[in-house]
Amino acid sequence: MTNLHIQLSWDDPATGERREPRLSVPIAFGREFARLPTELRGERVSRMLLNSNEVSRYHALLDWEQNQLVLTDQGSVNGVFVNGQRQTRSVVANGDTVQIGPYTIAVTFSINAPVPVTSPPSAIQFNPNTNLPDPSLPAAPVVTPVGSNFPPPAFQAQQVVVQALHATGLPVDECDYLAVGAGLGSFIWTDLLRLSGVRADKIVALGLEAEPYARYKRLCLNSQIPLYERLRSNSDSCPDNIWGWPSYALREAWHDFTQGKPNSAFRYLWQVFAEPTFVETYTPRAGNVFNSIDREAKRIGWQQIYSYGRVRAIRKTEDGRYCVAYSRGPRNYAFLVTRYLHLATGYPAIQFLPDLQAYREKYQDFKAVVNAYEEHDGVYQQLEQQGGTVLLRGRGIVASRIVQRIYEARKKNRNITVLHLMRSPKPQGNKFQKAQRAVKNHYEFQPFNWPKACWGGELRVMLEKASPDERKSLLADWGGTTTADRYDWQKITEQGLSEGWYQITFGEVLGVEQGSQNRTITHIREKGLGEMKLEADFIIDATGLDAKVQTNPLLDDLVKHYNLPLNHLGRLVVANNFELVEMRNTKGQMYAAGAITLGGPYAAVDSFLGLQYAALVAVDGLAAARAPGVKRLNALSSFSQWLKWVFNQSPT
C-alpha cells in the first residue's frame, strides 16, 4: 500500500540525536545494505540501515498484510522486541516500540497522509557579548561568520598572501602555536606543549573567557551540579596532571585524613580499588577539579598565553602557515599567523527540542519552558515557595541530576510533582559481545558516558583500527543515552515512584501550548490511550548539547571553504593523531579535539581523559614533524616534569 507512510523515531545510540525518517512499506532493517531486498511483490522496498554488530545483515521486515502492519524477524541472531517482548512475527500497532539491537524505535503511521518535510532540531544561539545561551535569539539557520568588511576580500582565496594582510593596516601578529577556543581542550594541549619544552611566549590561546573551564563550569552550575557535587569523570582523569597521579581520590582522601576524617578517606580509596564490582564508581567534586586547573594554569603561565578574541575565519597562507582573522572587541580587528593550529571549540550550541523552541517563540515565555543547560534557578525557587508540577524531558545524566534537585526542593515544599516524559520504554540495555548494560525504571546505567575500555583499553584500539563503516557499528553498540549508576539517584527514583510524586509517561509529543494561568499543556500520543494532555507549571528540556559542525559558523565556513569531509555523525574527519590531514599546508599542521571529532578514531572525545589523549597524540605528531621547541617526553624528562608539578614549579 503505497499510501501508508511509516514514521520511525529513535535516538541515535552513539550521540543521542533524534532520527525521524518517514518511509513507505515494506521496510527492511539490517546491517548490510547489499543484503536487504530491493523489491517485494513488485513494490520497492525501503531499506533502513542500522549500524550495529547487534543487528544482523538482514534483520527484520515491516510490511502491510491484510490491513495490519506486521513485523517479521528474518532469522536474526539477537531477535526483535515489540514493546519489550521478543517476537518472531508480530502485529505492530500505532505507537508501538520496536527494539532492534541498540535501536529503540517508535513506530507511528497514517494512511493516505502526505509526507511532511521535517526540519532538523533547533539549537539555542549564544549571545555574542556574554557567550551565554540567549533564549531571546531565534534558532535561525547557520549564518556566515564573516561580516561585510571583515575579514577582507583576501580571505576569499584558498591561500592568503600574508603581505595582503599587512596592506589592510590592521595588526598582524605571529606565533608558533595557536589554540583556537581557549577552553579545556586548548588548555590541555597547551599544558602538554609546555611540558614538552615550548615556552609560554611561543603559544597563543584565543577565546572569550580567561578561565579555561569557564563555560564548562557554567554548564555544570546551570544543570544543577554545584561545586560540592560530583562530576561524571574518573579519578585519574586530571586536566591539571597528565600523569593521573596523585588522582583526585588520593588527593581527597589525603585532605580528609589530615582533617581528622579517616573513615571518609578510606571510603574514597575503597571506591577506586573495588569499583564497579563492590561499590559505585568514584568521581571527583567539581570544585576540586576547577581549583586544580587554576593551580596548573598559573604554573604554566596561562595568563600570558590567553588572549581575548572571537575568531571569524581560518585560512591557509601562501607560505605554509595559517591565518586567523579575529575581533578583539567592537570594530577592533586583527590577524594571527601561525605554523601549528589546534581547534577545540567545544559544543557550539545547546540542543533544544523543536516543539519547545516553537512554544517559546510563539508565547515569548522563557520562564515556564527552559533548557537544563540554561540558567534556570528561578524554577526551583518558585517550586520551593509555591509548589507545582515539572514536566521533564530527556533521560540521561542531566535528567537524573534535575530529579535530584527537585527531590531536594521537596524537602522545603512537598507539593511538588514530576512528570518524566520519555519517548519510548527501555526494556533492555545496549549489548556488545557478552556485555550488556543494566536498565532499571527505563534508565540505562553506565558509570561514564562510554564503556571504560574506550579510553585506554581494547575498545580504544579496536576503534582506532576500524574502517569508517565499522566505526559506525561500534559507536552505535557502545553509545546510548545513559546515566551514572549512582545509588542515591536510584533510591530517589524508587522513592518518587512509590510515593507518587514522580511518574514516568511514554508518548510522542504532538505540540505544546499555553493554557490557563500560564501553565503549559503538552499534547502527546500515548500507546493504548490515544491522545492525552499533560499540564505542568514548568517544562525542563534535558536532551543535551549539539556538536554538529554546521551549527558552528566558524567551522561551517572552514568546511565549506576547503571542502573538508565530514564523518557519518557530521563531525570533522581526523587522522588517528587528530590531525585534519586535508588542512596540511606544507610544514603547517592543524589538529582538532573534543566533541567536533566524534565518529573518528576515539569515542570519549569530550571527556577529560579524551582531551588529554587527543593532546598527547597531537603533540607526538608535532614532535615527529620536528616542530620548534617540542621535545618528546621520555622516562627521565617525564619524571622531571612530574617533580616540577609536585613542587608547583614552572615547566621551563
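Let me start on helix α4, where the face turned away from the buried side carries two exposed residues, Trp254 and Phe257. Please keep in mind throughout that what we have in front of us is a predicted model.

The helix itself runs over residues 248-258, and its buried residues are Tyr248, Ala249, Glu252, Ala253 and Asp256. Seen down the axis of α4, these buried residues fall within an arc of 130 degrees, and therefore they line one face of the helix. What do the buried residues of α4 pack against? Their partners are α5, which covers 262-274, and α6, which covers 286-300. Just after α4 comes glycine 260, which takes a positive phi of about 80 degrees.

Let me move to helix α9, residues 377-386, in which Val379, Tyr380, Leu383 and Glu384 are buried. Around the axis they cover an arc of only 130 degrees, so they sit on the same side of α9, while on the other side of this helix Gln385 and Gln386 are exposed. The buried residues of α9 pack against several elements, including the helix α10 (397-409) and the strands β25 (388-393) and β26 (416-422), and also against β35, which spans 538-541. The residue that follows α9 is glycine 387, and its phi is positive, near 75 degrees.

The third helix I would like to show is α8, residues 354-363, whose buried residues are Leu356, Gln357, Tyr359 and Arg360. Viewed down the axis of α8, they fall within an arc of 155 degrees, so that here, too, the buried residues line one face of the helix. Just after α8 there is again a residue with positive phi, in this case glutamine 364, at about 55 degrees.

Now let me step back to the whole protein, which has 17 helices and 37 strands. Its radius of gyration is 26 Å, close to the 26 Å that the globule rule gives for 652 residues, so the protein is as compact as a globular protein of that length. Along its principal axes, the C-alpha trace spans about 75 × 65 × 50 Å.

Of the 652 residues, 55% count as buried, and among contacts between residues at least 6 apart in sequence, 65% join residues at least 24 apart. As for the surface, the protein exposes about 28100 Å², of which carbon and sulfur atoms supply 51%. Finally, how far apart are the mean positions of the positive and negative charges? For the 71 positive and 63 negative charges, those mean positions are 3 Å apart.

Terms used:
Residues are numbered from 1 along each chain as its sequence is written. This is a predicted model: local features need pLDDT of at least 70, side-chain atom pairs count only at pLDDT 80 or more; totals for chains, interfaces and linings use all residues. Side-chain values use heavy atoms; hydrogens and water are left out. Helices (H or I, at least four residues) and strands (E, at least two) are DSSP runs, numbered from the N terminus. The radius of gyration is taken over C-alpha atoms; the globule rule is 2.2 Å times the number of residues to the power 0.38. Buried means under 20% relative accessible area, exposed over 50%, partly exposed in between (1.4 Å probe, protein chains only). Contact means heavy atoms within 4.5 Å. Accessible areas come from the Shrake-Rupley method with a 1.4 Å probe; for residues, only the protein chains shown count as cover. Lys and Arg count as positive and Asp and Glu as negative; His and the chain ends are not counted. The place of a charge is taken as NZ of Lys, CZ of Arg, CG of Asp or CD of Glu. The arc is that of the directions from the helix axis to the C-beta atoms.
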